[in-house]
Amino acid sequence: MKKKFILVINILIILLSIIFTYGILMSSAANSCLELREQYFDFKTKSIAQRLETGIKAGLDINKYYGIDSLAERMAMYSNGHICAVVLNENNDPIASSLNIKREYIASVISLRSDSEAAFADLMNKRILSQPFKTENGYGHIALVYDKTYFSRIKFPHLIAYYKETLTNISNLALRDIVSDVKALHDKGLKADDIASMEPYFNSMLSDFGLIEGVAVGYDTDGVSAFTTDEGSFNVNIVINTEYIKKTYLWIFFTLVATLIICIMIVVEFVPVVKIINSKVYNNDVTNNIPIFIRSISFFVYLAVYTSLPYGAIIINSRGESILGLPVSVCASLPITLEAIALLVMLSVSPIIFNKTGIKKYTLTIGLCTVIPSFICFAFTNIYTIIICSVFLGITQGALKYLMNYLISICSENAEDISINYGQFNIGTLTGITVGGSLGSIIAADSGYTSVYIASAVIMLAIIATALICMPYEYINSLHNEHSLKKQYSYSAFLRLLMKSPGILVNMIFSVGVVAIALMYIVAFMPVALDINGLSPTVGTYGFLIYGIAGNYISGYLLLKAKALKRKTAAFIAMLTIAMAVLIIIPHINTITILAASLLAGIFDGYGAPSVTSALLNFKKIKKTDSSLILTGTSIIGGIGNVAAPIIYSMILYSDNVSVNLCLLFAFFLFSGVYILNMRD
Amino acid sequence: MKNALLLLIILSLCGCMHTDKLAVEKADRYMETLQESTYAPCTRSDGKKHRVCIVARGQYYPGGMLLYFAVDKLKRDGWITSDLPFSSDRVYADDIFNHLCGKDIGPYMEFTDFFSVNTKNREAIQSNIDSLIQNKKIDMIICIGTNAGIIGKTASQGRIPVLVSFSVDPVTSGITKDSDVSGIKNIWAHVDFSGSKNQLMLYKSICDFTNLGMIYYSESVAGLKGFQSAAENMGIKISSVKMDEDASSTDDTDNYYSKYISNISTLVNEYKIDAFMINSDMINDEEAADKICNMLYEKGIPVFGQSGDEFIQKGSPLMSVTFDPKDDAVFLAITAEGVLSGSKPEEMPQKYSSPLHIAINKTAADKLNADLNYDILKYADKIYY
C-alpha cells in the first residue's frame with residue numbers, strides 16, 4: 001500500500017509536469033504568433049502616426065479634423081470586432097475612436113500615459129498598443145486595443161505549420177500595405193524612378209519589423225505588381241528575415257528546456273514531501289522528516305513568493321504609474337523596498353505572534369498572507385495592489401524565516417544538527433528562489449506579467465493544503481515543551497553593544513550590509529535590467545536557473561576549496577566575485593552579460609555570503625559577544641541592505657548614465673572586499 | 001490573527017478600489033459626445049423642401065470640389081436621398097449644379113438657382129437674388145469665395161441665411177464682424193486664420209526664405225493681413241505690390257502681364273525677394289505663369305501658389321497649398337444642416353482649420369534643390385512634373 005501510494009503520487013506529479021510543459025510549449029508558440037501580429041500592428045500604427053505628424057507640421061489641427069474618425073475606423077478594420085482603436089490628443093483627451101470601442105478601454109488607454117515612447121499594457125485578455133505622434137505642444141497617441149487570445153490562437157499539434165501560416169499572412173499584409181503606398185504615389189503623379197529612389201525610405205519604415213529584412217521596389221524586382229507602365233510592371237518584393245524565424249524557434253526550444261528543468265527540480269523537491277505525506281498517512285516515525293520538511297517548505301514557499309515578487313517593478317514602470325508625486329523609477333522600486341522593510345519588521349514581531357497563535361495557525365497565516373493579496377493583485381493590478389502584495393510577501397518571508405529558525409532550534413540536538421538543518425533551509429531557499437523566479441519569467445513571457453500573481457496564489461494554496469496535511473504538529477509541540485526557553489532578539493541590547501563598540505557597526509555594514517545588497521541582484525536588478533533593455537523574460541528564466549545552479553552546486557565545490565584559505569581572503573574573493581558580476585554588464589546589458597553576471601551572482605550567493613559572514617563572525621570582539629545579539633545585528637543590517645538595494649538598483653538602471661553608475665557600484669563592492677581584507681580586531 | 005487578516009483584506013480592497021478617476025471621467029465625457037446626434041434631416045415648418053441657391057465662380061475647380069464634398073456629406077447624413085450622378089474628378093461648381101438643379105434629390109431640400117460670379121456681373125446677381133428673396137423663392141444662400149460672399153450678404157440684407165465658405169479673410173472683406181461667430185444676423189462664414197501661417201510654414205520647410213514677394217489687387221482676396229501676421233512671427237518679410245485689377249477683369253492681357261512682370265522685377269531688384277507667391281486671381285494664363293516661373297527660377301527664386309494647383313500641373317510653381325476642400329465641405333455641410341434645422345447662422349461657430357491640400361511640382365523642386373523629404377511626398381495630394 002505504501003509503495004503504491006508513493007507511486008501514484010509520483011505519477012500524478014509527473015503527469016502534472018507534462019501537462020504544464022505542454023501548456024508552456026503551446027503558449028510559447030501562440031505568443032510567437034501574437035508577436036508577429038503585434039509587429040504588424042506596430043508598423044501600421046507607426047505609418048499612421050508618421051502621416052499625422054507630417055499633417056500636423058503642415059498645420060493640421062487634430063482636435064478639429066473631421067477625417068480622424070475614419071482613420072480610427074481604418075485601423076480597426078484589420079480584424080472584425082477584435083481590434084478597437086482610439087486617438088488621444090496631447091492632453092490625453094480622446095478625440096476619435098472606432099465604432100466598437102468600449103468606455104473601459106478608453107479609460108485604460110488614457111491611464112497608460114505612454115508619453116513619447118510606444119507602450120504595451122495588458123488589460124485582462126486584451127492588450128493595448130499605444131503609438132505616439134508629435135504635435136505642436138506634446139504627444140498625441142494612437143492606441144489599439146486587441147484581443148490577445150484571438151490573435152494568439154494556435155492548434156496542436158501543427159504548431160510549426162500554424163506559425164508558418166501566420167508568418168505568411170503577416171508578411172503578405174505588410175507587402176500589401178507597401179504596394180498600396182507605392183500605387184498611391186504613382187497615382188498622385190510620382191514617376192517610377194523617383195518611387196524607386198524611395199526604397200531606403202520604405203526600408204526605414206520596416207526597421208522595427210523583425211520578421212522582414214527589407215523591401216525592394218522597381219521594374220527589375222520580382223514580387224507583387226504595384227502598377228504597370230510602358231516599361232513594364234513596377235513590383236514590390238519583401239525579403240523575410242530567416243534569422244528572426246530561427247531565433248524564434250530557438251527561443252521556443254529554450255523555453256521548453258527551461259520548463260523541463262524547472263519541472264524536474266520541482267519533482268525532485270516534491271518526492272521527499274510524498275514520503276512525508278506517506279509517513280503522516282501511515283503514522284510512521286516523523287523525527288527524521290524534520291530536515292526534509294524544513295527544506296521542502298522553504299523551497300515551496302520561496303517558489304511561490306518569487307514567482308511574482310520580482311515583477312511588480314516591471315508592471316509599474318510599463319504602466320507609468322506613480323504615487324505621491326514620486327518619479328516612476330522610484331515608484332517601481334517601492335514594492336521590493338517595502339517588502340524588505342516588512343520582512344524586517346515581521347522578523348521582530350514574529351515571536352509574539354507565534355507564541356499567541358501556535359504553529360498551525362501561524363503556518364496558515366503565512367500562506368494566506370500570500371494567497372489573498374496575490375489573488376487581489378491579479379484581479380486588480382495597479383501600483384497600490386502591487387505594493388500591498390509585496391508587503392505581504394515580505395511578511396510571508398519574515399514569518400517563514402522565524403518559523404524555520406524556530407524549527408531548527410527545537411529540532412537540533414547539537415551544533416552539527418543545526419548546521420545540517422540550516423544548510424537544508426539555505427538549499428531550499430536558494431532552489432525555491434531559482435525555480436520561482438524562472439517560473440515567473442516563463443509565465444510572464446507567456447501570459448503577461450499580471451499572470452504571475454495568480455500563479456503565486458495557486459502555488460501557495462497548494463502549499464497550505466500540503467502543509468496542513470504534512471506538518472507533524474504533535475511532534476513539534478512536544479519538542480516545544482522540552483525546549484521552552486528560547487532566546488529572543490533584543491534590539492536594545494544590540495544598540496547598547498554598538499554604542500560600546502561602534503567599530504562593529506562599520507564592520508557589519510561593509511560585510512553583512514554589502515552582502516545583503518549584492519544578494520538582491522537576482523530579484524531587484526536582473527528583471528528590471530531585462531525589461532529596460534527590451535530583453536525577453538525567457539532570459540530571466542535562465543538567469544534564475546543559472547543563479548540557482550551556480551549557488552547550489554558550483555559554490556558548494558568552492559566552499560570546500562575555500563576551507564584552505566584564510567577567512568578574510570575567502571571573503572575578499574567573494575566580494576571580488578560580485579564585483580566582477582557588475583563589471584561584466586558595464587559595457588552593455590545584453591543576454592550574454594546578464595547570464596554571466598547571474599552565474600557570478602549565484603556563486604556569490606552560495607559561496608560568497610557564507611564566506612563573508614564567516615569572516616565577520618571570526619572577529620574576537622564578535623566571538624565574545626552573545627550570538628543572539630550578533631544574529632540580531634546581522635538581521636538588522638542585512639535587512640537595511642535588503643531595503644536599500646532596490647532603491648540603489650533602480651537609481652542605477654533608470655539613470656541617464658547607467659555605465660558610470662555601474663562603475664561606481666563595481667568600485668563599491670571592490671572597496672568592501674578590500675575593507676574586509678584589512679579589517680582588524 | 002483575525003484582526004490581522006481583516007486588515008489584510010481591507011488594505012487589499014483599498015488598493016483595488018483605486019482607479020484613475022480622471023481617465024474614467026474623460027472616457028465618460030467622450031462617450032457622451034458620441035451619443036449626441038447630428039442634425040436629423042427635416043423639411044421646412046410647412047412641410048415643403050428647403051430651397052438653396054448657390055453663388056460661386058463657375059469654372060473654378062477648388063470651388064467645385066468644395067461643393068461636391070458638401071453635397072456628398074449632405075447625402076451621407078440623409079438630407080439628400082438620391083444618387084449623385086458625378087464624381088470628384090475635377091468638377092466645376094456650375095457642372096455640379098447643372099446636375100442637381102431641378103432634380104428630385106429627396107424630400108428635404110432642393111437646389112434652385114446658381115449664379116456664376118465674375119467682377120462684371122455683381123450687381124446683376126445681387127438684383128436677381130433680391131428678387132428671389134422678395135418672391136420667397138429661396139430659403140438659404142451658399143456662397144463659395146470672397147466675392148460670392150460679399151454678393152450674397154449684400155443681396156440678402158439679413159433676410160435669409162447666407163453661408164460663406166472658401167473666403168480667405170471674411171472679416172477684413174466685411175462679410176462677418178468677428179471670427180468666432182459672425183455677429184451679423186443670418187450671416188455665417190468659415191474663418192481659418194491659421195491657413196496663412198500653415199502655408200508659410202510648409203513653404204519655408206521646403207525652401208528656406210526670408211523675403212517673400214506678392215503681387216495682389218485685393219487685400220482680402222490675397223489674405224495679405226493673415227500672411228503679414230504669420231510672417232512677422234516667423235521672421236519673414238512680406239514685400240508686396242498692389243495692382244489695380246486682377247487677371248479676369250481686363251481684356252488687355254498683354255499689357256496686364258507686362259505690368260505684372262515689371263512688378264516682379266521691382267520686387268527682385270529693389271526689394272531683394274528670395275521667394276515669390278502667385279496670389280489668387282492674378283494669373284489665369286498658363287504661358288504667362290510658365291514664363292514668370294522660369295524667369296524666377298533662373299535667379300534661384302522659388303515660386304509658390306496661394307491656392308489652386310492648375311499651374312502646378314502645367315509645370316510652373318514649385319508648390320501650392322490650398323485648404324482641403326473635403327474637410328471644409330464637411331464643416332460647411334454640417335453648418336448648413338444646423339441652419340436648416342433651425343439654428344441661427346450668426347450663432348454657429350465659424351472657426352475651423354482644415355488640413356492642407358498639397359500639390360508639388362517635382363521638376364521645379366529638383367531645379368531649386370528643394371528639401372522635399374519622403375514624408376512630404378507621401379503626404380502630398382498631387383505631384384506634377
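**Exercise 1.** Determine how many of the residues of α13(B) are buried.

*Solution.* Helix α13(B) is mostly covered, with 14 of its 16 residues buried. Here a residue is buried if 20 or more other C-beta atoms, placed from the backbone, lie within 10 Å of its own, exposed if 12 or fewer, and partly exposed in between. The model is predicted: local features need pLDDT of at least 70 and side-chain atom pairs count only at pLDDT 80 or more, whereas totals for chains, interfaces and linings use all residues. Residues are numbered from 1 along each chain as its sequence is written, and chains are lettered from A and ligands numbered from 1 in the order in which they are written.

Next, take the span. The helix covers residues 325–340 of chain B and reaches 22 Å from its first C-alpha to its last, close to the 22 Å expected at 1.5 Å a residue; the expected span is 1.5 Å times one less than the number of residues. Finally, α13(B) is followed by B:G342, whose phi is positive, near 120°.

**Exercise 2.** Establish the strand order of the five-stranded open sheet in chain A and identify what packs on this sheet.

*Solution.* The order is β2-β1-β5-β4-β3 (chain A), with antiparallel pairing. Helices (H or I, at least four residues) and strands (E, at least two) are DSSP runs, numbered from the N terminus; two strands pair if DSSP finds at least two bridges between them.

Consider then the pair β1 (residues 83–88) and β5 (residues 139–147) of chain A, which is joined by six bridges. Within this pair, A:V87 stands opposite A:I142 in β5(A).

Now add the helices. Helix α2 (residues 68–76) of chain A touches β1, β2 and β5 of chain A, and its direction makes about 150° with that of β1(A). Helix α3 (residues 103–112) of chain A also packs on the sheet, its direction making about 50° with that of β1(A). Axes are lines fitted to C-alpha atoms, for helices over the stretch in contact, and angles run from 0 to 180 degrees between N-to-C directions.

**Exercise 3.** Describe the side of chain A that touches chain B.

*Solution.* In total, 42 residues of chain A are in contact with 43 residues of chain B, contact requiring C-beta atoms, placed from the backbone, within 7 Å. Elements giving two or more residues to the chain A side include α1 (2–57) and α5 (159–187) of chain A. The largest share, seven residues, comes from α12(A).

Key. Contact = placed C-beta atoms within 7 Å.
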